[in-house]
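User: Hello! I am new to this structure and would like to get to know it. Could you walk me through it?

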Amino acid sequence: MSHVGGIPHASSVVRIALLPYRYVFVGGLHRSGTSLVARLLGGLPGVAAITNAPVPENEGVYLQGAIPHTARHGRPMHFATDPAQHHIEGSGFDRLEIRERIEADWAPFFGAGAWRVEKSPVNLTRMRLYQQLFPLSQCVVVLRHPEAVAAAVAKWVDAPSDALIDHWIAAHAIVARDLAHLQAVLVLRYEDLVADPAAWLGALAAYLDLPGSATLPEPVVDGNARYTDAATMSESQARAASLWGYGRGLSVMPYEPVLHHPLNEIRGAVLRSLPN
């Protein structure tokens, strides 16, 4: 399911001066593996990451005051289907002063680098806005099996497993529609990453046009193994999840990653880095 995205709206390119670095925004539902992906990206040469920040999981959304974010805005298994949290081009936050406030708030937490990686789950529904505010930014969306996500978030969210899986499906239907509006986005599955982390580290490096790293910055293990007793999707839920290569009983089917990038050379390099 490879795709080629468009380019940012011309008005954004004209009104926003280019920065000396670029952003890569990582998003996904809570407990999908976004923190792992952000750490892998942050270990690449030329990538600056937020570290040791006084906020949960070094998430940039807590460090900025331009877009309101409270405990209600980013609730696990709620935010992704909240229309008020779906920020797109042309919205009330698509303004130069918003970009400048975000930049000022984040600046103290980044070191030097050609790229800055910012990870927050809510980026999942902010990609289109961030593309407008930061025209040369790129996005990484992290998926994880809906049964595993439902089991992992159960300690935080008081809802039955079938409702949590329904939320996963509805959230990713929104994501699927948003992907068509993004010029640079890579969708990866947690299960593929943990199966061959070295290959995916190379693919992430290629996506940012950076030299790869021969050494993983940390051990990568399959966290789904602890959820073998997770509630199983219904047949109808499994049909919806099959769009992303997920089946019942934590099963994973072959899946071609969604990849948008305006340069053929980058797309080719990413695909060559992945396992056959």
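**Helix 2 and its surroundings**

Analyst: Happy to. In helix 2, the residues T34, S35, L36, V37, A38, L40 and L41 are buried. Please keep in mind that this is a predicted model.

User: How many of the residues of helix 2 are buried?

Analyst: Helix 2 covers residues 34-42, and it is largely enclosed by the rest of the structure because most of its length is counted as buried: 7 of the 9 residues. Buried here stands for a relative accessible area under 20%. The list includes L36 and V37, and the count asked for is 7 of 9.

User: Which helix gives the most to the lining of the largest pocket?

Analyst: The largest pocket holds about 640 Å³ of space. Its lining is made of 31 residues, and R31, S32, G33, S35 and E57 lie nearest its centre. One of these, S35, is also among the buried residues of helix 2. With 4 residues, the largest contribution comes from helix 2.

User: How many residues of the lining of the largest pocket are charged?

Analyst: The lining splits into three classes, with 14 nonpolar and 9 polar residues in two of them. The remaining class, the charged residues, numbers 8.

User: Now for the salt bridges. Which residue forms a salt bridge with E97?

Analyst: The structure holds 8 salt bridges. In the one formed by E97, the closest N and O atoms are 2.7 Å apart. E97 is partly exposed, with a relative accessible area of 44%, and its partner is also partly exposed, at 35%. That partner is R95.

User: Is D105 buried or partly exposed?

Analyst: D105 meets R101 in a salt bridge of 2.7 Å, N to O. The two lie in helix 3 (residues 96-106), 4 residues apart, which is about one turn of the helix. An α-helix has 3.6 residues a turn, so residues three or four places apart point the same way. R101 has 42% relative accessibility and counts as partly exposed, whereas D105, because its value is 17%, counts as buried.

User: What is the distance between the closest N and O atoms of R189 and D192?

Analyst: R189 and D192 are both buried, and they form a salt bridge with each other. Their closest N and O atoms are separated by 2.8 Å.

User: Which residues are joined into one network by salt bridges that share partners?

Analyst: Such a network arises where salt bridges have partners in common. The residues joined in this way are E89, R128 and D178.

User: How many charged residues are in the lining of the second largest pocket?

Analyst: The second largest pocket holds about 230 Å³ of space. R189 and D192 are among its lining residues, as are W200, Y255 and P275. By class, the lining has 7 nonpolar residues, 1 polar residue and a charged group of 3.

User: A last one: which residues does A199 touch, leaving out those up to four places away in sequence?

Analyst: A199 lies in helix 8 (residues 197-207) and counts as buried because its relative accessibility is 13%. P275 is 76 residues away from A199 in sequence, yet their C-alpha atoms are 6.5 Å apart in space. P275 also belongs to the lining of the second largest pocket. The residues that A199 touches are S273 and P275.

Definitions and conventions:
Residues numbered from 1 in each chain as written. Predicted model: local features only at pLDDT ≥ 70, side-chain atom pairs only at ≥ 80, totals over all residues. Heavy atoms only, no water. Salt bridge = Lys/Arg side-chain N within 4 Å of Asp/Glu carboxyl O. Buried < 20%, exposed > 50% of the residue type's maximum accessible area, 1.4 Å probe, protein only. Contact = heavy atoms within 4.5 Å. 1 Å grid on protein atoms, 1.4 Å probe; cavity = no way out; pocket = protein on both sides within 12 Å on 5 of 7 lines; lining within 4 Å. Points joined across faces, edges and corners; volume = space filled by probe spheres on them. Nonpolar A, V, L, I, M, F, W, Y, C, P; charged D, E, K, R; others polar.
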